[in-house]
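Subject: Structure handover

Hi there,

Here is the structure I promised to pass on to you. Have a look at it first, and then read on for my notes on what turned up.

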Amino acid sequence: MRVRTRIDHGARAVKVSSRAEYGLRALVDLARHYGEGYVQSHEIAARQGLPESYLNQIMASLRRAGLVASKRGPAGGHTLSRPPAQITLREAFEVLEEGASPWWCVGVEDPNCAYLPGCGIRPIWMAMKAAAEGVLERLTLHDMIYGHAPDGG
């Protein structure tokens, strides 16, 4: 089983993977340059401080998921497949984190967990997942580039 989140016990915060962070940075970069043509990976990597080889792997996943269009060659690169206002962060997380749930027992329909009968924690994780998915569904790449905060509802 692959762990998709890390817990920082000092800050007591759940963090997203580097894959999700790098992927979101790349998508935001593409959103900022939307309508200007294709953007090359090395430009995104340089602006965002990302390793280009890892970025290329992430971009391939985003392309397969239909969020990014790519073109080979000297005038090639990447562009968003739709306007930034039409791509939600939930769509991005579905590709980059394979879902919005950082807890394995919530991310599967029928977890094989010895604690499930009478578990008092899973309902809390499920409520947190629903809240996170709501925020991710409401926010778009457009919101990210213009600094719009979630409304909390």
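Let me begin with helix H2: the cover over its buried residues includes H1, helix H3 (52-64) and strand E4 (77-80). The residues of H2 (41-48) that are buried include Ser41, Ile44, Ala45 and Gln48. Why do they lie on the same side of H2? Because the arc they cover around the axis is only 100°. After H2 comes Gly49, and its phi is positive, near 65°.

Before going further, please keep in mind that this is a predicted model.

**The chain as a whole**

You will find 7 helices and 4 strands in the chain. Their order along the sequence is β-β-α-α-α-β-β-α-α-α-α. Of the 153 residues in the chain, 36% are buried. If you look at contacts with a separation of 6 or more, 57% of them are between residues 24 or more positions apart. The chain has an accessible surface of about 9,100 Å², and carbon and sulfur atoms account for 54% of that surface.

**Where H4 meets H6**

I spent some time on this pair of helices. Helix H4 covers residues 89-96 and helix H6 covers residues 122-138. Their axes are 6 Å apart, and the two helices pack at an angle of about 120°. Which residues meet there? From H4 they are Leu89, Arg90 and Phe93, and from H6 they are Glu133, Leu136 and Glu137. Sorted by type, the residues of this contact are 3 nonpolar and 3 charged, with no polar ones.

Leu136, which is part of helix H6, counts as buried because its relative accessibility is 13%, and the cut-off is under 20%. Its C-alpha atom is 8.9 Å from that of Ala92, although the two residues are 44 positions apart along the chain.

**Salt bridges between the two helices**

The structure holds 7 salt bridges in total. As a general point, side chains of opposite charge can pair when their charged atoms come close.

One of the salt bridges joins Glu133 and Arg90, with 3.7 Å between the closest N and O atoms. This pair links distant parts of the chain, since Glu133 sits in helix H6 and Arg90 in helix H4, 43 residues apart. Are the two partners buried or exposed, or in between? Glu133 counts as buried at 15% relative accessibility, whereas Arg90 is partly exposed at 27%.

Arg90 also has a salt bridge with Glu137, at 3.9 Å from N to O. Here too the pair links distant parts of the chain: Arg90 belongs to helix H4 and Glu137 to helix H6, and 47 residues separate them. Glu137 is partly exposed, with a relative accessibility of 41%. Through shared partners, salt bridges join Arg90, Glu94, Lys129, Glu133 and Glu137 into one network. If you plan to look at side chains on screen, this network is a good place to start your reading.

**A salt bridge within H1**

Another salt bridge is found between Glu21 and Arg25, whose closest N and O atoms are 3.1 Å apart. Glu21 lies in helix H1, which runs over residues 18-32. How far apart are the two residues in helix H1? They are 4 residues apart, so about one helical turn separates them. Both partners are partly exposed: Glu21 has a relative accessible area of 35%, and Arg25 has a relative accessibility of 36%.

Glu21 is also worth a look for a second distance. Its C-alpha atom is separated by 9.7 Å from the C-alpha atom of Glu97, and the two residues are 76 residues apart along the chain.

**To sum up**

Three places are described above: the side of H2 that holds Ser41, Ile44, Ala45 and Gln48, the packing of H4 with H6, and the Glu21 to Arg25 salt bridge. For the H4 and H6 pair, Arg90 is the residue to keep in view, with salt bridges to Glu133 and to Glu137.

Happy to talk any of this through whenever it suits you.

Best wishes

Technical notes: Residues numbered from 1 in each chain as written. Predicted model: local features only at pLDDT ≥ 70, side-chain atom pairs only at ≥ 80, totals over all residues. Heavy atoms only, no water. Buried < 20%, exposed > 50% of the residue type's maximum accessible area, 1.4 Å probe, protein only. Contact = heavy atoms within 4.5 Å. Areas by Shrake-Rupley, 256 points an atom, 1.4 Å probe, with all protein chains shown as cover. Axes fitted to C-alpha atoms, helices over the stretch in contact; angles between N-to-C directions. Nonpolar A, V, L, I, M, F, W, Y, C, P; charged D, E, K, R; others polar. Salt bridge = Lys/Arg side-chain N within 4 Å of Asp/Glu carboxyl O. Arc of directions from axis to C-beta.
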